[in-house]
Amino acid sequence: CAKNIIRNDIFWDAFIACPGTLEPLGMFDRCHFDEWVEGIAVNFTSPLRFLHMILKQRSKKSSVIFFAGSGSNSAPQQMSSYTISKIALTKATEVFDKEFKDIKFSIVGPGWLNTKLHFETLNAKNLSDEAKMVTKTRIADNSFSPMSEVVSCCDWLLSAKKEVVGGRNFSSAHDRWRDVEFLSFLEKNDSFYKLRRFGNEHGKNKSIK
């Protein structure tokens with residue numbers, strides 16, 4: 001518990017939170033609702049609760065990194081608790097980055113990592129063999145993203161300017177975060193890599209029949 005470790009003479013520079021669970025997996029109506037809420041707590045409210053308790057102990061300029069997951073740009077089936085909590089955490093990253101001028105908030109999607117989360121999928125009773133096939137195939141092929149790339153991306157997020165990475169959702173595996181030209185673009189485009197309702201302009205100023 002954070003209450004037991006907080007000391008008034010110790011201040012933190014970086015807070016990196018990466019708890020995660022896919023459970024409960026399965027169709028929403030087949031999930032026990034209390035377990036569904038517990039998944040939200042593990043992925044979303046628990047790291048925010050801890051952060052809330054230690055905010056007063058931050059240094060003058062601090063950084064916070066959360067971990068994103070599947071679903072920001074699609075609609076994964078039978079993992080609604082996990083997906084919804086990660087989307088909420090992505091939006092919280094942007095909101096808090098605007099609220100706290102002295103803290104840099106970022107969130108990173110680590111890609112397909114070799115972690116215990118995949119065994120939650122394989123052991124899920126409510127998932128069909130067909131739903132588990134993608135996980136089985138990727139584990140068999142050992143097609144994981146290297147952990148070293150995630151660490152390098154986090155190191156970069158900690159060192160980068162708030163104007164470049166603040167409030168944004170990055171993919172360590174797919175984004176051009178090493179590209180100096182692209183980073184200059186980000187600094188000039190505040191809405192990029194954030195949850196937005198873009199690409200829905202059909203029928204703008206027209207009558208849609």
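This is a short talk between a trainee and a mentor about a predicted model.

Mentor: Welcome! In this predicted model, local features need pLDDT of at least 70 and side-chain atom pairs count only at pLDDT 80 or more, while totals for chains, interfaces and linings use all residues. Residues are numbered from 1 along each chain as its sequence is written, and side-chain values use heavy atoms, with hydrogens and water left out.

Trainee: What makes up the secondary structure of the protein?

Mentor: The protein has seven helices and four strands. Helices are DSSP runs of H or I with at least four residues, strands are runs of E with at least two, and both are numbered from the N terminus. From that end, the order is β-α-β-α-β-α-α-α-α-β-α.

Trainee: Why is strand S2 called mostly covered?

Mentor: Buried means under 20% relative accessible area, with a 1.4 Å probe and protein chains only. Seven of the ten residues in S2 (residues 58-67) meet that, so the strand is mostly covered. Across the protein, 41% of the 209 residues are buried.

Trainee: How do you know that S1 and S2 pair?

Mentor: Two strands pair if DSSP finds at least two bridges between them. Strand S1 (residues 12-17) has five bridges to S2, so they pair, and they run parallel. Trp12 stands opposite Arg58 in S2.

Trainee: What joins S2 to strand S3?

Mentor: Six bridges join S2 to S3 (residues 103-109), again with the strands parallel. Given the two-bridge rule, these strands therefore pair as well. Here Ser62 stands opposite Ile103 in S3.

Notes. Buried means under 20% relative accessible area, exposed over 50%, partly exposed in between (1.4 Å probe, protein chains only).
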